[in-house]
Amino acid sequence: MDKGTARPGAVKSADRTVELLEVLSASDRRLTLTELHRELSYPKSSLYMLLQTLVARGWVEVDSDRGTYGIGVRALLVGTSYLDHDPVVRAAIRVMEQVRQDINETVHLARLDGADVVYLASRESEHHLRVVSRVGRRLPAHSTSLGKAVLSTRTPEEVDLILPAELAPLTPNTVIDRAALHEQLAGFRNVGYAHEREENTPGLGCFAVALPYRNPVLDAMSCSVPLGRLDPEHERQVVSALLDAARTITELLRQFGR
């Protein structure tokens with residue numbers, strides 16, 4: 001559907017507001033009115049008035065000297081509220097901290113959103129060489145162990161419906177052949193966890209387990225390890241800690257009917 005065309009059943013003004021915020025949040029820099037007009041194809045006068053409304057409400061910030069717009073602090077407050085009220089995040093945080101203490105590697109919690117995974121929480125390793133990941137980061141599911149763990153709980157037909165027709169590589173090691181990815185997911189399905197090496201980030205290996213407290217599965221927990229520390233014994237420790245954590249979180253959530 002073209003930008004500027006409301007979705008079926010949508011309120012046009014609300015639809016445009018959300019699209020505008022999504023464009024601003026996805027950009028790694030502030031955008032001018034002209035750039036936003038080119039991206040969204042809204043009438044320039046309407047776009048300007050919408051921006052002014054959002055600036056007044058704190059959802060958008062404007063650099064008056066440069067005439068550029070960026071996402072505002074109000075969006076952060078709402079995003080933080082989402083995490084504060086999410087029962088999975090609340091249940092997982094304490095368990096994630098225990099995993100980090102046990103294996104001293106960075107631990108992540110993420111959720112499938114379309115063809116991507118979105119990071120909901122992280123606990124960083126105390127090593128000098130460690131993985132740092134920000135909450136809210138979005139990555140293609142096919143290139144991450146988190147995404148692979150969730151996708152491995154679906155049938156091949158369901159996976160094909162979730163992923164785009166062409167799989168983009170993040171590194172030279174990213175599996176982008178669909179048949180090879182299906183074979184990889186089948187193997188992960190059999191062993192109960194997913195893993196990847198340098199498919200997402202050079203020099204990094206990652207392991208992940210799905211959290212099957214609901215169906216379909218949407219969430220997963222992972223552990224990222226620099227390859228320089230990843231020997232067979234450490235790999236065994238990481239996988240064991242993740243499997244135990246997944247069982248604990250799933251039991252907690254099921255007790256509360258989640």
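## Exercises on a predicted protein chain

The protein chain exposes about 13800 Å², and carbon and sulfur atoms supply 52% of that area. The model is predicted.

**Exercise 1.** Determine whether the radius of gyration of the protein chain agrees with that of a compact globule.

*Solution.*
1. The protein chain has 258 residues, for which a compact globule would have a radius of gyration near 18 Å.
2. The value for the protein chain is 20 Å, which agrees.
3. Along the principal axes, the C-alpha atoms fill a box of roughly 60 × 40 × 40 Å.

**Exercise 2.** Establish whether strand β8 is enclosed or not, and which residues cover each face.

*Solution.*
1. A residue counts as buried under 20% relative accessible area.
2. Strand β8 spans residues 204-210, and seven of its seven residues are buried, so the strand is largely enclosed by the rest of the structure.
3. In a regular strand, side chains alternate between the two faces of the sheet.
4. In β8, one side holds Leu-204, Cys-206, Ala-208 and Ala-210, and the other holds Gly-205, Phe-207 and Val-209; all are buried.
5. For the protein chain, buried residues make up 43% of the 258 residues.

**Exercise 3.** Identify the strands that pair with β8, and their sense.

*Solution.*
1. Strand β7 (residues 194-197) pairs with β8 in the antiparallel sense over four bridges.
2. Within this pairing, His-195 has Phe-207 of β8 as its bridge partner.
3. The hairpin of β7 and β8 has six residues between the strands, and Glu-198 takes a positive phi near 60 degrees there.
4. Strand β9 (residues 219-226) also pairs with β8 in the antiparallel sense, over seven bridges.
5. Met-221 in β9 stands opposite Val-209.

Methods
Residues numbered from 1 in each chain as written. Predicted model: local features only at pLDDT ≥ 70, side-chain atom pairs only at ≥ 80, totals over all residues. Heavy atoms only, no water. Rg over C-alpha atoms; globule rule 2.2 N^0.38 Å. Buried < 20%, exposed > 50% of the residue type's maximum accessible area, 1.4 Å probe, protein only. Areas by Shrake-Rupley, 256 points an atom, 1.4 Å probe, with all protein chains shown as cover. Helix = DSSP H or I, 4+ residues; strand = E, 2+ residues; numbered from the N terminus. Pairing = 2+ DSSP bridges.
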